Amino acid sequence: MNQPAAASYRDPHRWVVFSVICLIYFFVYFHRVSTSVIVSDLLAAFNTNATALGFMSSVYFYIYALDQPIVGYLADRIGPRRVIAYWSMTAALGCFIFGLAPSIGWATLGRALIGFGVGGVYVPTVKALSQWFREKEFATMVGLLMSVGNFGAVVATTPLAWAAGTWGWRPTFFLIGGVTMGMAILMLAITRDSPQLKRPDARHDDAPDTPSPGLARNIVTIIASIQFWLVAAIFFGIYGTAVTLQGLWATPFLMVVLDVERILASKLNMLIPIGVIIGAPFFGWLPNRFSLNKAHTLSFITAVYTLCWLAIILVFDRLGVVGYATLFFVMGVVIGGFISTIWGIIRETTPAEFLGLTAGILNPAPFLGVAAFQVLTGNIIDKAGRVSELYSLSGFKSAFSVCLAGALVCLVLSFFIKGRAISGD
């Protein structure tokens, strides 16, 4: 397996690159879950319903998913730095349009541009981490990145609810757009590409001297792998259900089931990203520290996640504030562990020279999962009808049963994950 050149993983500049990327990635996660705490504001501003709101929120994930092969290819070709910066500028434009939107249609356009823009961050970051850090450091760095990203998700709960209540949601998104543009300019101004970008054909001395396959052949090789489809399906189900809960329905669900105000509900929702902040680096470090099998770790994590959904369905009316606080925190820890562990498996089983392409082809799966589950659950909740300004508890229970089914399928599939190469079985 190719390792970063010694000049890269000993260069202090790698920490500058990582720090700036973390600042940008903070806003990726912020946007991913920001609609949850402003649901009532958006319903009032656009006089719309849950189905339309679910579509508006999900379009981010559709566009994000379609974006991934493009940015993966470009990360391999022109380097992560420029892709991250240019795409972040597009996200800033989307923030401005979203904040100015006079209708749900314009808000959807703004959300789509945000999704396209932030879609150019994670896959190039995976490529950058593979260039600047050693393979044994990779899962830990992904975990740290997830922690920073989920701090953005924390800010998208109670702090965003406070900002929306104090300044209004529109001025808040203008401010976010300005900061995002500033981060994109910072990326171009103070970071540089890894030395490996200048040596795209560099190999180990013991690597076979064979011609590099073309783009089409690489793509066919990747998607012909059984391991690829297993990872993609698990990503679709786990990430899709997790972000649907955290990013769209957790706050209004808690307001209904606990009969609490939005601020308290958003504080409980905030425990999911707090859990991710702890779980992602912990599970990135744990398998390497104790030589644990990452595939077995993945199955354990998926089992705990499934049990959390089962608890929501079976004892939703008996958990109380403390119960939901504990449950959401545990969900966050295992979601963070899932992301670190599965990307660790991907890094170990993918040749570094086309990791960007592999990540770009794979990464649509989780976001298509979010898009699908958000639209599906929104439709189910809509059919159950409203109770006052919010939706009925029976609607949430039916929608969450679909999420439980998705988690159960992923648990079964996780037992088939092995240490085989994604780039071919």
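**Note on cavities, core and selected residues**

1. Among the elements that line the largest cavity, H2 gives the most, with 3 residues. The model under discussion is a predicted one, and the volumes and contacts below are therefore to be read as values computed from that prediction. Four helices, namely H2 (13–33), H12 (226–258), H16 (320–348) and H18 (364–384), each supply at least two residues of this lining.

2. The largest cavity holds about 90 Å³ of space. Its lining consists of 13 residues, and those closest to the centre are Tyr122, Tyr239, Trp343, Asn363 and Phe367. Sorted by class, the lining comprises 11 nonpolar residues, together with 1 polar and 1 charged residue. A search over the whole structure returns 6 cavities of 30 Å³ or more.

3. In the second largest cavity there is about 70 Å³ of space, and its lining is made up of Ile24, Phe27, Val28, His31, Ser88, Ala91, Val118, Val121, Thr180 and Met183. The elements that contribute two or more residues to this lining are H2, helix H5 (80–100) and helix H10 (169–190). Here, too, the most comes from H2, with 4 residues, and the class count is 7 nonpolar and 3 polar residues, with no charged residues. H2 is thus the element that gives the most to the lining of the largest cavity and to that of the second largest cavity.

4. For the overall layout, the protein has 19 helices and 2 strands, and of its 425 residues 59% count as buried. If one takes the contacts with a separation of 6 or more, 85% of them are accounted for by residues 24 or more positions apart. The protein exposes about 16,000 Å², of which carbon and sulfur atoms supply 68%.

5. The largest nonpolar core contains 133 residues, and the members that touch the most other members are Phe235, Trp309, Phe328, Trp343 and Phe400. H12 gives the most to this core, with 19 residues. Trp343, one of these core residues, is also among the residues closest to the centre of the largest cavity, while H12 is also one of the helices that supply at least two residues of that cavity's lining. Phe400, once its neighbours within four places in sequence are left aside, is in contact with Leu245, Trp249, Phe253, Trp309, Ile312 and Ile313.

6. How many of the residues of helix H7 (residues 122–132) are buried? The count is 11 of 11, and H7 can accordingly be described as mostly covered. The buried residues include Lys127 and Gln131 as well as Tyr122, Leu129 and Trp132; Tyr122 is also named among the residues closest to the centre of the largest cavity.

7. Gly275 has its place in helix H14 (residues 271–290), and it counts as buried because its relative accessibility is 0%, where the cut-off for a buried residue is under 20%. Setting aside its neighbours within four places in sequence, Gly275 is in contact with Phe329, Gly332 and Val333. Gly275 and Thr326 are 51 residues apart in sequence, and their C-alpha atoms are 9.8 Å apart in space.

8. Gln374 belongs to helix H18 and, with a relative accessible area of 0%, is buried. When residues up to four places away in sequence are not counted, Gln374 touches Gly54, Ser57, Ser58, Phe61, Val243, Thr244, Leu248 and Trp249. Trp249 also appears among the contacts of Phe400.

9. Two loop residues deserve a look at their backbone angles. Most residues other than glycine have a negative phi. Asp259, however, has a phi near 55°, a positive value in a residue other than glycine; it is found in the loop between H12 and helix H13 (262–269). Is Asp259 buried or exposed? With a relative accessible area of 69%, Asp259 is exposed, because the cut-off for that class is over 50%.

10. Ser291 likewise shows a positive phi, near 55°, in a residue other than glycine, and its place is in the loop between H14 and helix H15 (294–315). The relative accessible area of Ser291 is 68%, so this residue is exposed.

Conventions
Residues numbered from 1 in each chain as written. Predicted model: local features only at pLDDT ≥ 70, side-chain atom pairs only at ≥ 80, totals over all residues. Heavy atoms only, no water. 1 Å grid on protein atoms, 1.4 Å probe; cavity = no way out; pocket = protein on both sides within 12 Å on 5 of 7 lines; lining within 4 Å. Points joined across faces, edges and corners; volume = space filled by probe spheres on them. Nonpolar A, V, L, I, M, F, W, Y, C, P; charged D, E, K, R; others polar. Core = buried A, V, L, I, M, F, W, Y, C linked by side-chain atoms within 4.5 Å. Buried < 20%, exposed > 50% of the residue type's maximum accessible area, 1.4 Å probe, protein only. Contact = heavy atoms within 4.5 Å. Areas by Shrake-Rupley, 256 points an atom, 1.4 Å probe, with all protein chains shown as cover.
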